[in-house]
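Good morning, and thank you for the time. I should like to take you through one structure, and I ask you to keep the display in view as I speak.

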2 protein chains.
Amino acid sequence: MPNETKSKTGRKDERDPVICTVDVVLLTLEAGSLRFVLVPREAGPFKGVSALPGGFVHPEEDRDLRACAERVLKVKAGVEGQWLEQLSVFSGKARDPRGWSLSVAWFAVVHSDTLRATLPAGAQLRDARDLSGLPFDHDEIVGAALSRLRSKSSYSSLPAHLCPETFTLPQLQAVYEAVMGEPINKVSFRRKMEELSFLEPVEGVRTHGGAHRPAQLWRLKEDFRIHLKLTDRGLNTGG
Amino acid sequence: MPNETKSKTGRKDERDPVICTVDVVLLTLEAGSLRFVLVPREAGPFKGVSALPGGFVHPEEDRDLRACAERVLKVKAGVEGQWLEQLSVFSGKARDPRGWSLSVAWFAVVHSDTLRATLPAGAQLRDARDLSGLPFDHDEIVGAALSRLRSKSSYSSLPAHLCPETFTLPQLQAVYEAVMGEPINKVSFRRKMEELSFLEPVEGVRTHGGAHRPAQLWRLKEDFRIHLKLTDRGLNTGG
DNA sequence: GGAAGAAAGATGCGTAACGCAACTAACTAT
DNA sequence: ATAGTTAGTTGCGTTACGCATCTTTCTTCC
């Protein structure tokens with residue numbers, strides 16, 4: 001950070017009119033396909049158009065950018081306390097008609113029931129396969145989020161955050177498969193879950209409506225609700 | 001990005017005095033240990049103190065943040081055209097005494113000969129193990145860069161960017177080992193390099209000073225000078 | 001100039017991980 | 001009671017990995 005010419009008004013950084021925003025890609029899994037949240041823009045360019053939940057950084061209010069993203073997530077999408085991680089920064093003159101801007105993009109994942117429970121009216125869930133036509137560079141941001149989710153899913157416990165509080169192994173496997181877009185071998189999957197041991201069984205067996213053997217319920221171990229479990233070797237797909 | 005109250009001065013974003021900077025962790029490998037570049041601060045808080053090469057975002061000048069990081073790297077450290085990737089954003093009120101700030105951190109890797117050739121006077125190379133006492137939150141930023149480098153090295157061609165243009169497999173293996181801090185099995189390493197095939201042999205054999213069989217020279221294939229080669233399974237360490 | 005030394009590189013094999021098919025288990029519906 | 005459906009397990013062939021050993025190709029030193 002070099003010497004900076006003080007502006008005519010005497011205010012520091014006057015020469016740096018950088019528009020600072022955050023945008024959140026809020027992902028969920030519904031009916032076997034990935035979806036992300038869009039909300040109508042309240043003002044500014046593209047007013048009324050569906051876009052990623054986002055907002056200006058409020059230095060007086062936001063402790064840091066994570067807090068800013070959490071505020072945006074809460075206010076715009078009604079979601080709180082879910083998995084949230086920094087994705088990347090998108091920047092440049094062209095991405096926002098108002099001028100040179102910078103958006104710190106985050107991605108969040110949440111179970112669809114939790115999401116639906118508090119999703120504001122006007123918000124929509126768009127299928128991740130319909131990725132076009134968003135304002136600004138939001139297409140690119142969503143693309144990056146999906147790419148990150150897919151790659152990280154192959155070697156971490158991230159997809160478990162797309163599940164409800166408790167879930168069965170077949171359910172979890174279906175989530176992994178939906179995210180990665182490939183079938184996973186049942187035995188290999190269960191072996192890997194055992195080896196990684198980020199899950200703990202919930203006493204009591206899921207007695208569900210189907211005419212078949214009930215499945216064991218599991219939940220994320222305490223430690224792995226905040227931190228992901230990673231594996232070197234990765235999860236293998238196929239059959 | 002919500003509706004924003006126009007400020008009293010009529011200037012947009014007046015209420016967002018966010019200090020926007022970039023900082024670059026420029027890493028190299030020398031004498032078998034990782035080192036990063038520090039340069040004396042030219043002005044502002046901590047003037048004269050060694051810190052990461054960094055600077056304000058210059059919207060008039062920088063096409064985007066990558067261009068900004070490249071400019072900083074060029075001007076402050078004399079380095080151009082090397083591996084450069086976005087790391088993370090560090091933000092908040094406390095990290096800079098001037099106020100609420102945001103630094104987009106980047107990490108770059110370069111071969112030490114290339115680095116030394118154009119490193120400005122005053123700059124220093126600090127051993128990555130001596131990680132303390134830096135101004136701002138630069139300790140944390142360097143820590144994040146090292147962590148990223150180590151983790152990414154285990155499943156990508158990234159360490160090859162710490163090598164000169166051409167290199168031998170034993171040299172490359174030594175780089176991987178230095179970065180990851182663990183020995184790698186020679187046969188496994190060579191098998192993996194073969195399988196990933198991001199290297200191509202250079203015709204002509206390295207004739208070096210040692211009293212032993214000369215080694216084949218290799219270089220990164222064209223495609224992988226810009227993009228990394230990734231592997232699912234990861235590189236295994238041990239013996 | 002022939003033997004010793006040293007590092008590059010290849011080979012062979014025991015072991016562990018993975019993929020797949022087939023099996024058993026536990027439930028519901030008829 | 002039996003058929004159907006999904007949960008979960010077992011066994012085994014195949015692949016990948018780790019390690020020791022062997023061969024290759026150079027320099028050095030008598």
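I shall take chain A as a whole, then one helix, and then the meeting of the two chains.

Please note that this is a predicted model, in which local features need pLDDT of at least 70, side-chain atom pairs count only at pLDDT 80 or more, and totals for chains, interfaces and linings use all residues. Residues are numbered from 1 along each chain as its sequence is written, and chains are lettered from A and ligands numbered from 1 in the order in which they are written.

The secondary structure of chain A comprises 5 helices and 10 strands; helices (H or I, at least four residues) and strands (E, at least two) are DSSP runs, numbered from the N terminus. Its C-alpha atoms occupy a box of roughly 75 × 40 × 30 Å along the principal axes. Of its 239 residues, 38% count as buried, that is, with 20 or more other C-beta atoms within 10 Å of their own, the C-beta atoms being placed from the backbone.

Let me turn to helix α4 of chain A, residues 169-180. This helix has 12 residues and spans 16 Å from first C-alpha to last, close to the 16 Å expected at 1.5 Å a residue; the expected span is 1.5 Å times one less than the number of residues. Its buried residues are Leu172(A), Val175(A), Tyr176(A) and Val179(A). They lie on the same side of α4(A), because they cover an arc of only 95° around the axis, the arc being that of the directions from the helix axis to the C-beta atoms. Their cover includes β1 (19-30), β2 (33-40), α3 (138-153) and β8 (167-168) of chain A. After α4(A) comes Gly181(A), with a positive phi near 70°.

How many residues does each chain bring to the contact? Chain A gives 36 residues and chain B gives 36 residues, where contact requires C-beta atoms, placed from the backbone, within 7 Å. On the side of chain A that touches chain B, β5(A) supplies the largest share, 5 residues.

Finally, the relation between the copies. A turn of 180° and a shift of 0.0 Å along the axis lay chain A on chain B with an RMSD of 0.1 Å, by least squares on the C-alpha atoms of residues with pLDDT of at least 70 in both. That is the relation of a two-fold axis. Of the residues of chain A, Arg233(A) comes closest to the rotation axis, at 2.3 Å (C-alpha). The copies meet through the same surface, because 100% of the interface residues of chain A are also interface residues in chain B.

Key: A residue is buried if 20 or more other C-beta atoms lie within 10 Å of its own, exposed if 12 or fewer, and partly exposed in between; C-beta atoms are placed from the backbone. Two residues are in contact if their C-beta atoms, placed from the backbone, lie within 7 Å.
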